[in-house]
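Colleague: Got a minute to walk me through this one? I'd like to go helix by helix and see what packs where.

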Amino acid sequence: MQDSGYLARAAFLGDRFMQLMGLHGKSFFSLISSFGCNVPGIMATRTLEDPKDRLITILINPLIPCVPRLGVMSAVVAAFFPGSRGALIMISLLLISMLLVMFSALFLRRVVKQTERSAFVMELPLYHIPTWRNVLLPTWQKTYSFLKRAWTFILVASIVVWVLSSYPQGVPMNATWAGKMGGMLAFIGQPLGFDWRIMVAIVFGFTAKETTLSTLGILYGVAADASQSIAQAMTGAMTPLGAYTFLVVYMLYIPCLASVVTTYKESGNNLGWTSFGVAYSLTLSFVVGWIVFHGGLALGFQ
């Protein structure tokens, strides 16, 4: 799509929508890219000339669920909301993400003190048919890079979680090092209906979102050859409302470590704005999760 010249036109068509958030069409391209991965989405902000537009787009970028997050969300949705309900649940989650992106963009306009909107000027390239080389070669390189990074993170994180959940030996799971860490964080998750296992998975999900299911599998004691899936094991420990709350928090909370590092670099090595972005997404996720959980209880959902 990029090589054909269509994405430049998509940015132009999305300009009117982005103007509602105080941004313009080039930010649209960055946000769309983030549905694949937040890292290239953040890097795509380099096309923005105005530093304040670039900073706002960088900070709202992690609120877009990337492919690893969407994969974990799909597995949990399939277990708790089978059939047509699952599609409605996924649509509602994406709508929540879009609404919070709009709200955050308007809020951050005031935080970064953006008083004037920059003009949107873009040269539209001619339409042309992409060559196979220009499509397949970058696709292979990016896919291989992602798989290499993902499996490295998953392997290392799985080993760390296994060690923390296995020692000291001969004690219940909640008495292991992982259980103690989760116990210290339980007071944060309790108002949202989360047990200590969910809190540990959220912490380890910071390294890479791909590790969440493997972490939950170890903590819930699901063997690799078990007939029961990880998501199905969660159904015995969480209610549908608790699962939906987990999905909201998981979709919005701190982006992965690679995204945080990229944010630091693309913001001009600004530790202050990077820390603000991490704190903002973390606070927003738990506040929205609390509203969803207690709002659902008030409406009679379980």
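Modeller: Sure, let's start with helix α5, whose buried residues are D53, L55, I56, T57, I58, L59 and I60. Keep in mind that this is a predicted model.

Colleague: How many of the residues of α5 are buried, out of how many?

Modeller: 7 of the 10 are buried, so α5 is largely enclosed by the rest of the structure.

Colleague: And what do those buried residues of α5 pack against?

Modeller: They pack against α3 (25-33), α4, α7, α14 and α15.

Colleague: Let's take α7 from that list. At what angle do the axes of α5 and α7 cross?

Modeller: Roughly 140 degrees, with the axes of α5 (residues 51-60) and α7 (residues 84-111) coming within 10 Å. That angle makes α5 oblique to α7. The crossing of α5 past α7 is right-handed.

Colleague: Which residues make that contact?

Modeller: On the α5 side, I56, L59 and I60; on the α7 side, V101, S104, A105, L108 and R109. By type, the residues of this α5 and α7 contact come out as 6 nonpolar, 1 polar and 1 charged.

Colleague: OK, α4 next. Where does I42 sit, and is I42 buried or exposed?

Modeller: I42 belongs to helix α4, which covers residues 38-43. I42 counts as buried because its relative accessibility is 0%.

Colleague: What does I42 touch, leaving out residues up to four places away in sequence?

Modeller: With those left out, I42 touches S30, I58, N61, S259, T262, T263 and E266. I58 is also one of the buried residues of α5.

Colleague: And how far is the C-alpha atom of I42 from the one of L59?

Modeller: 8.7 Å, for two residues that are 17 apart along the chain.

Colleague: Zooming out for a second, what's the secondary structure of the whole chain?

Modeller: The chain has 15 helices and 0 strands. Of its 302 residues, 45% count as buried.

Colleague: How much area does the chain expose, and what share comes from carbon and sulfur atoms?

Modeller: About 15500 Å², and carbon and sulfur atoms supply 69% of that.

Colleague: What about long-range contacts?

Modeller: Take the contacts in the chain with a separation of 6 or more: residues 24 or more positions apart account for 72% of them.

Colleague: Back to the helices. How do α9 and α10 sit relative to each other?

Modeller: The axes of α9 (residues 177-189) and α10 come within 7 Å and cross at roughly 100 degrees. The two helices are therefore roughly perpendicular to each other.

Colleague: Which residues are involved there?

Modeller: From α9, the contact uses A178, G179, M181, G182, G183, L185, I188 and G189; from α10, W196, M199, V200, V203 and F204. The residues of this α9 and α10 contact split into 9 nonpolar, 4 polar and no charged.

Colleague: What about α10 with α11, at what angle do those axes cross?

Modeller: Roughly 145 degrees, and the axes of α10 (residues 196-204) and α11 come within 9 Å. α10 makes a right-handed crossing past α11. W196, R197, I198, V200, A201 and F204 of α10 meet T212, T215, L216 and L219 of α11. That set divides into 7 nonpolar, 2 polar and 1 charged.

Colleague: Which residues of α11 are buried?

Modeller: In α11 (residues 212-219), those are T212, T215, L216, G217 and L219. After α11 comes G221, which has a positive phi, near 70 degrees.

Colleague: Which residue other than glycine has a positive phi?

Modeller: N269 does, with phi near 55 degrees. Most residues other than glycine have a negative phi. N269 lies in the loop between α14 (257-266) and α15 (271-298), and N269 counts as partly exposed because its relative accessibility is 48%.

Colleague: Last one, V261. Where is V261 found, and what is its relative accessible area?

Modeller: V261 is in helix α14. Its relative accessible area is 38%, so V261 is partly exposed. The C-alpha atoms of V261 and L271 are 10.0 Å apart, and the two residues are 10 residues apart along the chain.

Note on methods:
Residues are numbered from 1 along each chain as its sequence is written. This is a predicted model: local features need pLDDT of at least 70, side-chain atom pairs count only at pLDDT 80 or more; totals for chains, interfaces and linings use all residues. Side-chain values use heavy atoms; hydrogens and water are left out. Helices (H or I, at least four residues) and strands (E, at least two) are DSSP runs, numbered from the N terminus. Buried means under 20% relative accessible area, exposed over 50%, partly exposed in between (1.4 Å probe, protein chains only). Contact means heavy atoms within 4.5 Å. Accessible areas come from the Shrake-Rupley method with a 1.4 Å probe; for residues, only the protein chains shown count as cover. Axes are lines fitted to C-alpha atoms, for helices over the stretch in contact, and angles run from 0 to 180 degrees between N-to-C directions. Angles under 35 degrees count as roughly parallel, over 145 as roughly antiparallel, 65 to 115 as roughly perpendicular and the rest as oblique. A crossing is left-handed if the near helix is turned anticlockwise from the far one by less than a right angle, and right-handed if clockwise. Ala, Val, Leu, Ile, Met, Phe, Trp, Tyr, Cys and Pro count as nonpolar, Asp, Glu, Lys and Arg as charged, and the others, Gly among them, as polar.
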